[in-house]
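User: I am new to this structure and would like a close look at a single part of it, explained carefully and tied to its surroundings. Where should I begin, and what can be said about that part?

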Amino acid sequence: MLLSSRLPHSFEPNALSAALARLRGEGRTILDLTVSNPTRCGFAYPETEIRAALSSPGVLAYDPDPLGSRAAREAVAAHHGHGLQADDLLLTASTSEGYGLLFKLLGDPGDEILVPSPSYPLFEWLARLEGLRARPVPSYFHDRWHLDLGALEVAVGPRTRAVVVVNPNNPTGHFLSRAEWNGLTALCARHGLALLVDEVFADYALEPPADRLATALEDANPPCPVFLLSGLSKVAALPQLKLGWTAARGAGAAVHLEALAFLADQYLSVSAPVQAAAPTLLALAPAIRAQVRARLSANLAALDAALARHPRLTRLPVEGGWSVLLRRPAVDADEACALRLLEQAAVLTHPGSFFDLPGDGHLVLSLLGPEAAFCEGLDRMLPIL
Ligand SMILES: Cc1ncc(COP(=O)(O)O)c(C=O)c1O
């Protein structure tokens, strides 16, 4: 078979996905406490305005700019503030595409990127598909999550090109502290590494610590190259419109953007309609985010109320983001536990092991789903944990 060794050895679904497909095939209704698709969560989108934005005269014009239309980049820059300019930005069809371009920009086949873990599981594949290796470096939890800067320093090798952090992190919700930011940028500067900061969840602070780094853009002059990634999928809860962006700051930013424009020019993948609509969509986004934030807070409060009735279970603090880590007695492996909940209670959760949480005893729940379903899911699953 002529397949690249970058691909998985097998495309078989994992045990949880296979069980989910089987149960759905049998007609069982599953309460999905992993839902991360906001278009399926009952939010009241401003439909008329979104449709109008996507049918303006601009959608019929093709006038490609490899960095993305200036008007759209200006709207993204205004959304972020902190002195960000249209000229600092590249538009992409998603943050995943942004990662692909950055990995092509920064690495040669066989090079490495360091990823504090637990984190977004896609990094492993996004890196591998570009011929790079994503090397996880465990963070640790002590009252709150901490980057292990010492372990990161030790993990830097001759092939290391970059560090990737998510702020706040998925699924831990960890916001970097300012001290962590200073330590991380100094480490990257010392070793000649780039720092990629994924801030798709930055607008969703829930229990933020006072010393949090709200955004990497707080640092106008980082000592290393910094690339910030975000996009409409979380900023406006509109993943179907496929618009992401990457901002470049720090040493070499102008050259990096020039090279990114060259890379993006090979694809020109961002559609004209979404670029034409971007200023309006970003103007509509705060009202959509307010609904999402209200949902996250309501579900977190419901979880706390439910946990008060099950004192053997706890949750970790949710500094930000769309998910929460539930801690349970590790009487079985996380994956076995998630399978048990699916089979016995028809509730879908994610085992902590899917996100490389160390050991057993964690389930990851999404806080995004409709409140009634979230509460019913908790009622069904908590008693059997
Ligand atoms: C950390 C992180 N980055 C990026 C994304 C997805 O962004 P996009 O839809 O722009 O690829 C997600 C989606 O869950 C995410 O968790």
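Analyst: **Strand 2 and its surroundings**

In strand 2, L89 and L91 point one way while L90 and T92 point the other way, and all of them are buried; buried means under 20% relative accessible area, exposed over 50%, and partly exposed in between, with a 1.4 Å probe and protein chains only. Strands (E, at least two residues) and helices (H or I, at least four residues) are DSSP runs, numbered from the N terminus. In a regular strand the side chains alternate between the two faces of the sheet.

This is a predicted model, in which local features need pLDDT of at least 70 and side-chain atom pairs count only at pLDDT 80 or more, whereas totals for chains, interfaces and linings use all residues. Residues are numbered from 1 along each chain as its sequence is written, and side-chain values use heavy atoms, with hydrogens and water left out.

The sheet that holds strand 2 is an open one of seven strands, in the order 2-10-9-8-7-3-4 and with mixed pairing (two strands pair if DSSP finds at least two bridges between them). Strand 2 (89-92) and strand 4 (133-138) stand at its edges with a single partner strand each, so one side of each has no neighbour in the sheet. On average, neighbouring strands of this sheet are turned by 25° against each other, direction ignored; axes are lines fitted to C-alpha atoms, for helices over the stretch in contact, and angles run from 0 to 180 degrees between N-to-C directions.

The partner of strand 2 is strand 10 (residues 244-249), and the two pair in the antiparallel sense over four bridges. L89 has A247 in strand 10 as its bridge partner, and L91 has W245 in strand 10 as its bridge partner.

Two helices also belong to this picture. Helix 9 (residues 253-265) packs on the sheet and touches strand 2, strand 9 and strand 10, with a direction that makes about 25° with that of strand 2; contact means heavy atoms within 4.5 Å. Helix 4 (residues 95-106) lies across strand 2, strand 3 (112-117), strand 7, strand 8 (194-198), strand 9 (226-231) and strand 10, and runs at about 160° to strand 9.

Some of the loops that adjoin these strands have backbone features worth noting. Most residues other than glycine have a negative phi, and most peptide bonds are trans. K242, in the loop between helix 8 (232-235) and strand 10, has a positive phi near 55° although it is a residue other than glycine, and with a relative accessible area of 44% K242 is partly exposed. A cis peptide bond with omega of about 5° joins S117 and P118, and P118 lies in the loop between strand 3 and helix 5 (122-128). Another cis peptide bond, with omega of about -5°, joins N167 and P168, where P168 has its place in the loop between strand 7 and helix 7. S177 is found in that loop between strand 7 (160-166) and helix 7 (178-191) as well, and S177 is buried, with a relative accessible area of 7%. Not counting residues up to four places away in sequence, S177 touches R144, D211, R212 and L213.

For context beyond the sheet, one helix pair can be described. Helix 1 (residues 15-25) and helix 11 (residues 334-345) pack at an angle of about 5° with their axes 10 Å apart, and helix 1 and helix 11 are therefore roughly parallel to each other (angles under 35 degrees count as roughly parallel, over 145 as roughly antiparallel, 65 to 115 as roughly perpendicular and the rest as oblique). In their contact, A15, L16, A19, L20, R22 and L23 of helix 1 meet E335, A338, L339, L342 and E343 of helix 11. After helix 11, A346 lies in the loop that leads to strand 13 (347-348), with a positive phi near 55° in a residue other than glycine, and A346 is buried at a relative accessible area of 5%.
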